[in-house]
Amino acid sequence: MEYSGARMTSHREDLRDIPLRGQIDLPFLMLVLLLLTIGVVMIFSASFARAYYDPTDETGGNAAYYFIRQLIFAGIGIGAMFVCAGLPVAFYRRMSRLLLIVSLALLVAVPIIGVRVGGARRWISLGFTTFQPSEITKIAVILYFATLICKFKDKMRTVRYGIVPFAAILGVIAVLLVLEPHLSATIIIFAIGAAMMFLGGVEKKWFIGGAVAMAIFVFIFVNFFPYASSRISTWLDPLNPEERSGDAYQIYQSLISVGSGGLSGLGLGQSRQKYLYLPEEHNDFIFAVVCEELGFIGAMLILCLFALLVIRGYWLALHCRDRYSFLVCAGITTMIALQVFLNVAVCTNLIPCTGISLPFFSYGGTALLIQLAEMGIVLSISRDIPARKE
Amino acid sequence: MATSKQPHKGPSTPNRMMLSRTLFLMIVCGVVAFIALGINLFYLQIVRHDEFETMAIEQQVRDTTVNAARGTIYDRNGKILAMSASVETVYISPWEIIQNDEDPELIATGLSEILGVDKDKILAMAAKTESWYQPVAYKVEADLAEQVREFKAENDLIGVKLQADTKRYYPYSSLASHVIGYVGFENTGLSGVELAYDSVLSGVNGRIIRATNAQGTDLLYTNFEDYYDAEDGSDVTLTIDANVQYYLEKHLQQAVSDYGVQNGAAGIVMDVNTGEILAMASLGNFDLNDYDAVSEEVQAQIDAAETEEEKAQILSDAQFLQWRNKALEDTYEPGSTFKIITLSMALDLGVTSLESSYYCGGSIQVTGDTTARNCWKTYGHGSQTLTQAVQHSCNVAFINLGLAVGAENFYKYAEAFGFFQDNEDSSAPLSGNTGIELQGEASSIWWSRDVFENPQNLSQLAAASFGQTFTITPLQLITAVSACVNGGKLMEPYVVKEVADANGDVISAASPTVKRQVISEETSDIVCQILEQVVSDSVEGTGKNAYVAGYHVGGKTGTSEKVAQEVAGGPKEYIVSFIGIAPMTDPQYAVLVLLDNPSSDSGTYVSGGNMAAPTVGNIFADILPALGVEAEYTAEEEQHTDKSVPNLSGLTVEEAAARLQEAGLSYRTIGTGSTITDQLPRAGAVIAANSEVILYLDAEPDPSLEEVPNLTGLSYSIARQRLAYQGLFISAARGIASDSNTVVVTTQSIEAGTQVEHGTVIEVALVDNDASMYGRY
């Protein structure tokens with residue numbers, strides 16, 4: 001109790017607490033490193049055919065191109081994770097508003113200076129790499145919403161404090177993302193925001209109301225926007241021979257990858273679908289390659305690791321002594337869980353197709369870097385949890 | 001900062017509500033969601049695994065066929081009759097064109113230029129972007145395929161592809177077309193040996209099964225490949241001799257045009273001792289390299305036809321006729337050629353002998369006949385020896401021979417000769433064939449035993465004695481006649497001599513198969529003796545037109561009315577035929593010729609003796625030397641044989657006279673010098689014996705031209721003199737038996753009215769057109 005007493009003295013003195021903080025949570029760290037290792041190995045396996053056969057200016061036909069870049073970012077990311085684990089939670093709390101403002105500024109900048117890929121402008125180029133500002137927005141929303149919740153406390157039950165500020169921020173973000181357009185990021189940020197409000201104590205009726213509103217919105221969207229309705233029809237009938245080479249191509253190829261893997265898979269490196277049949281095989285559909293190569297057993301093992309990571313994240317949140325830490329830890333965990341679920345669900349056609357990456361697996365240097373930094377924040381929080389008394 | 005406003009209140013801890021809501025999220029996001037994913041994975045990867053694996057294999061695995069090379073067909077001397085050459089199929093893969101961002105317009109333009117395929121057609125193929133295989137051109141020859149390959153390389157095109165294939169070539173076009181047969185588009189045999197030996201010739205196609213990437217090339221680091229070797233087809237060597245086949249077809253063709261033959265002709269040359277078929281022809285024939293094409297006349301008819309249906313009907317009728325092997329697929333009443341069989345039976349049974357004599361009063365009536373049967377010579381042949389009866393082809397004498405043999409014995413021998421297979425049911429018609437390896441062989445039709453062997457009615461036996469009331473195939477007849485002359489052994493006819501695998505190792509070699517001894521060797525010798533007389537007797541022999549100087553040719557004529565045609569109410573039609581055997585001193589080869597429905601206005605009397613016999617004679621004259629049978633001329637023949645002109649230039653008249661006498665020629669001189677400066681005809685020319693060679697003594701031949709006269713109907717010596725008057729010379733297509741006045745020119749090599757130089761040699765065909773021999777025998 002002396003320890004917590006010291007923390008009570010002054011907010012400023014928190015920085016001096018650093019030497020007094022406990023150890024990072026080893027199980028969580030191990031799970032992250034394990035998943036990261038498997039992910040990087042899978043990047044190599046999944047990407048080399050594309051890198052070799054589809055020599056764009058980017059890869060130059062170097063089969064290991066994607067792998068090496070991912071490996072470098074994983075290294076930098078681990079460094080970033082430990083740096084983040086070293087920073088005190090209060091630092092994040094203090095920086096939260098600034099981070100949100102910066103991320104909103106970047107979102108505003110994206111439609112202006114962003115790099116266009118396909119039909120959307122979602123990336124900002126840093127010269128040596130590109131990154132999606134929406135990745136930063138996600139963590140900024142978690143950090144700032146937690147700050148607001150801690151500030152409003154019991155007033156979270158009211159509309160004025162519990163709904164309006166949050167809804168306003170989400171609304172601004174939604175508008176900016178729709179401009180890109182970036183539907184999947186919008187969905188995730190809305191879900192994260194909702195989860196934060198849920199944890200913050202907003203009354204349940206709002207969530208029921210929100211769910212009803214969402215259902216109506218989806219119904220209208222699907223019925224009156226041909227783009228969306230075609231997604232729904234390919235989702236319902238992905239094996240339709242007429243659509244196989246058209247709209248349903250991605251999901252058709254993904255299902256072949258997943259299904260042909262069988263119980264034990266074709267073996268690591270032995271995927272055939274990655275030979276240019278399966279699109280986005282090292283990005284959004286990397287899990288399909290995992291299923292094909294490692295089979296049901298391998299895929300379930302990886303899902304179990306993710307589940308353990310998620311459960312451990314919530315477990316850490318539950319043991320937080322500090323409400324802000326609790327909210328951030330639960331928020332980040334929820335975000336990871338959401339991304340894993342949505343990505344795997346898309347690969348296996350459980351939900352209609354949308355572009356969501358798989359944490360630690362999907363190719364993307366800055367995204368990986370940011371994910372590892374977020375893990376660093378969780379680890380930082382874990383240090384404040386007192387060790388169980390033996 | 002929010003917290004700095006209340007510095008002493010300290011950080012708030014999560015409340016109970018927050019913890020319970022976290023637990024809720026933990027269960028939903030950490031457990032329920034993953035269970036849902038797991039169940040779905042189980043469903044896809046375990047439950048529906050087979051379905052997806054099939055789809056995966058379907059798109060990842062390419063099964064490529066490696067065509068086995070089809071075997072070559074050789075004639076008995078190793079000449080190539082049918083061979084396969086490498087060609088290529090050019091196709092595009094629209095899927096890969098799209099995948100690799102290639103320009104369909106460029107591809108269509110390039111391929112259209114090289115292959116001559118319509119550009120829009122290629123563009124339409126390229127638009128089928130689902131497809132991996134759209135064939136642009138089949139069976140593209142090597143040089144064009146090379147151009148396509150260059151075009152592909154220049155433009156770095158993945159979507160343009162070539163695939164190996166083979167094409168069948170028949171170097172002799174229409175030669176032996178019915179025996180060799182042809183192959184269809186997929187290189188499978190559709191007729192003849194190509195069909196009968198299809199499995200032997202075709203070999204076994206190989207397969208390459210391999211996984212490829214979406215661009216169709218191999219996978220990196222993954223060796224998923226199964227290779228099944230192609231097994232090349234075996235080579236087949238036929239018993240056919242291309243030279244013999246050529247002569248058979250040439251003379252059949254000549255007969256068809258000379259005699260206005262309406263329904264085609266058939267011919268078979270058989271080795272009588274082995275049953276090997278040296279040649280088999282059926283006219284009109286067709287070009288194996290383009291078997292659908294019909295003759296120009298038929299094509300003209302098709303072009304003239306008005307409706308599409310008519311055109312199609314004419315085409316299919318003509319194709320049906322030209323593809324039909326009359327020697328094998330048609331049956332006919334053989335008529336008098338069958339008398340060889342009746343003669344053999346009677347001799348073998350001992351019911352007749354060379355000493356027997358037969359009286360022909362012009363007709364005969366047997367038990368069961370309602371009217372008398374006339375001999376072809378209505379006032380009768382009078383008293384004749386057995387040999388004369390055969391020479392005369394006397395129906396009355398042969399009815400007597402048949403009656404002496406008896407119906408039961410007749411059928412016993414007919415069966416032994418292979419004309420039908422016995423049937424336990426005596427009331428059923430009898431039928432059979434030789435069982436040769438070619439497809440489509442027709443079967444004979446004979447009366448049932450009950451009808452034929454009815455003692456109250458001998459009319460069927462009487463008719464059968466001279467070759468009527470039953471139908472057989474030409475192949476059956478020549479096989480049976482071969483047995484009559486080869487010492488009595490019925491041989492199994494065959495066309496395939498040997499099968500050797502792609503390495504040249506013999507897999508199977510046919511050997512002559514004796515089915516049975518039908519008649520005794522002694523009987524056979526007598527038959528040979530009599531048959532030679534039919535041809536060699538220039539006075540009484542009905543087969544004398546088959547005579548070939550220098551050779552012992554025997555044979556028998558045949559003229560049969562097409563009964564079915566008459567019953568159907570059509571005009572009278574005849575099949576004239578002749579079966580010849582040579583050399584009679586040691587029979588080796590039999591030649592059967594059938595001319596179906598010759599014209600009655602050709603100028604030649606319609607009969608086997610006048611039409612088919614000379615054709616067989618012409619065939620023997622060409623094939624016997626080609627088969628290595630040496631000619632041996634008698635002193636009389638020597639006189640009549642055409643002579644070769646020696647080189648006389650520079651000699652004195654006396655020296656030249658001696659040389660010419662030695663050569664069997666005479667001479668006259670022009671000019672007054674002492675040495676010969678020129679001669680007509682030139683040295684080496686072959687001209688009729690006793691022709692006058694013109695010797696120029698310090699003089700030159702008259703450069704003016706002469707008009708060739710019409711020689712038809714003239715005897716050889718008259719024609720010779722007629723030409724000598726104009727400074728022209730004559731030669732005969734083959735030697736003649738005598739210079740009897742009845743032997744006349746039927747055709748000449750240079751048409752009457754043509755302007756030719758002095759010294760030109762005109763070749764003529766001679767036929768004994770003895771009016772006393774006119775008759776259907």
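Author: Two strands pair if DSSP finds at least two bridges between them. Strands here are DSSP runs of E with at least two residues, helices are runs of H or I with at least four, and both are numbered from the N terminus. Everything below comes from a predicted model, where local features need pLDDT of at least 70, side-chain atom pairs count only at pLDDT 80 or more, and totals for chains, interfaces and linings use all residues. Residues are numbered from 1 along each chain as its sequence is written, while chains are lettered from A and ligands numbered from 1 in the order in which they are written.

Reader: OK, what makes strand 1 and strand 2 of chain A a pair?

Author: Three bridges join strand 1 to strand 2 (residues 120-125) of chain A, and that meets the DSSP requirement, so they count as paired. Their sense is antiparallel. One of the matches is Val115(A) with Trp123(A).

Reader: Why do strand 1 and strand 3 of chain A count as edges?

Author: The open sheet has three strands in the order 1-2-3, paired antiparallel. Strand 1 (115-117) and strand 3 (130-131) of chain A each have a single partner strand, so one side of each has no neighbour in the sheet.

Reader: Over in chain B, why is strand 9 called mostly covered?

Author: A residue is buried if 20 or more other C-beta atoms, placed from the backbone, lie within 10 Å of its own; 12 or fewer makes it exposed, and in between it is partly exposed. In strand 9 (residues 265-271) of chain B, seven of seven residues are buried. That goes for both faces: Ala265(B), Gly267(B), Val269(B) and Asp271(B) on one, Ala266(B), Ile268(B) and Met270(B) on the other.

Reader: Which strands does strand 9 of chain B pair with?

Author: Strand 10 (residues 277-283) of chain B pairs with strand 9 over six bridges, and strand 21 (residues 589-596) of chain B over seven. Both pairings are antiparallel. Ala266(B) has Ser282(B) as its bridge partner in strand 10, and Met270(B) sits opposite Ala590(B) in strand 21. Strands 9 and 10 of chain B make a hairpin with five residues between them, and Gly275(B) in the turn has a positive phi of about 85°.

Reader: How do you know how well the length of helix 2 of chain A fits expectation?

Author: The expected span is 1.5 Å times one less than the number of residues. Helix 2 (residues 26-53) of chain A has 28 residues and reaches 41 Å from first to last C-alpha, close to the expected 40 Å. There's also a kink of about 45° centred on Ser47(A); the bend is the angle between axes fitted to the seven residues ending at a residue and the seven starting there.

Reader: What makes a residue of chain B part of the side that touches chain A?

Author: Contact means C-beta atoms, placed from the backbone, within 7 Å. By that test, 47 residues of chain B touch 56 residues of chain A. Helix 1 of chain B gives the largest share, 19 residues.

Reader: How do you know how far to trust chain B?

Author: Look at pLDDT, the predictor's confidence in each residue, from 0 to 100. Chain B averages 88, with 96% of the residues at 70 or above. Residues 1-9 of chain B fall below 50. Where pLDDT is low, the predicted coordinates should not be read in detail. For the complex, the predictor gives an ipTM of 0.91 and a pTM of 0.68.

How values were computed
Two residues are in contact if their C-beta atoms, placed from the backbone, lie within 7 Å.
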